[in-house]
Amino acid sequence: MTENPKEGLEDRLERLGSELSEKRREDPKYAADEARAAENRKGYQVAVKLSSEFVAAIIVGALLGYLLDHFAGTGPWGMIILLLLGFCAGVLNVLRSAGMVAAPHPADQLGKGIKNKSDDA
């Protein structure tokens with residue numbers, strides 16, 4: 001028992017890892033399985049991103065509506081209106097992320113549109 005048991009485990013783990021990588025390189029089915037798994041992971045990533053953006057927009061709208069109602073005393077109307085606006089913002093964010101709606105042009109975000117002919121005069 002002069003040998004350290006932890007070193008023996010590490011050596012066996014390294015040997016097993018190298019043997020597995022050799023077997024995987026030889027197996028053509030493994031490459032196809034890895035490609036399919038990578039595609040599935042990408043799909044799950046997009047699904048989580050889209051759902052979190054949607055839910056976050058609704059929660060922010062509801063929270064702002066609740067705060068407006070609480071401090072301004074507007075009854076349920078602030079919550080109802082801002083919850084609906086949050087829902088609409090969530091749908092718009094999901095559509096933009098999915099590529100179904102174009103994002104606004106950077107010049108439009110800054111308030112600088114196309115110059116009119118009357119601006120030149």
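These legends accompany close-up views of a predicted model.

**View 1. An aromatic pair joins helices H2 and H3.** The structure holds one aromatic pair. Its partners are phenylalanine 54 and phenylalanine 87, set edge-to-face. The ring centres lie 5.5 Å apart, with 75° between the planes. Phenylalanine 54 belongs to helix H2 (residues 28-72), and phenylalanine 87 to helix H3 (residues 77-98). The two residues are 33 residues apart, so the pair counts as a link between distant parts of the chain.

**View 2. Both phenylalanines of the pair are partly exposed.** Phenylalanine 54 has a relative accessibility of 24%. This value is not under 20%, so phenylalanine 54 does not count as buried. For phenylalanine 87, the relative accessible area is 40%. That is not over 50%, so phenylalanine 87 is not classed as exposed.

**View 3. Helix H2 from end to end, with its buried residues.** H2 has 45 residues. From first C-alpha to last, H2 reaches 66 Å, close to the 66 Å expected at 1.5 Å a residue. Buried positions in H2 are Leu50, Ala57, Gly61, Ala62, Gly65 and Asp69. Their cover includes H3.

**View 4. Glycine 73 follows H2.** This glycine sits just after the helix. Glycine 73 takes a positive phi of about 65°.

**View 5. A nonpolar patch lies on the surface.** Val60, Leu63, Leu64, Tyr66, Leu67 and Phe71 make the patch. The patch covers about 640 Å². Valine 60, one of its residues, is found in helix H2. The relative accessible area of valine 60 is 47%, so this residue is partly exposed.

Technical notes:
Residues are numbered from 1 along each chain as its sequence is written. This is a predicted model: local features need pLDDT of at least 70, side-chain atom pairs count only at pLDDT 80 or more; totals for chains, interfaces and linings use all residues. Side-chain values use heavy atoms; hydrogens and water are left out. Rings of Phe, Tyr and Trp (its six-membered ring) pair if their centres lie within 6.5 Å; planes under 30 degrees apart count as stacked, over 60 as edge-to-face and the rest as tilted. Helices (H or I, at least four residues) and strands (E, at least two) are DSSP runs, numbered from the N terminus. Buried means under 20% relative accessible area, exposed over 50%, partly exposed in between (1.4 Å probe, protein chains only). The expected span of a helix is 1.5 Å times one less than its number of residues. Contact means heavy atoms within 4.5 Å. Patches are made of residues with over 30% relative accessible area and no salt bridge: like charges are joined within 9 Å, nonpolar side chains (Val, Leu, Ile, Met, Phe, Trp, Tyr) within 5 Å. Accessible areas come from the Shrake-Rupley method with a 1.4 Å probe; for residues, only the protein chains shown count as cover. A salt bridge is a side-chain nitrogen of Lys or Arg within 4 Å of a carboxyl oxygen of Asp or Glu.
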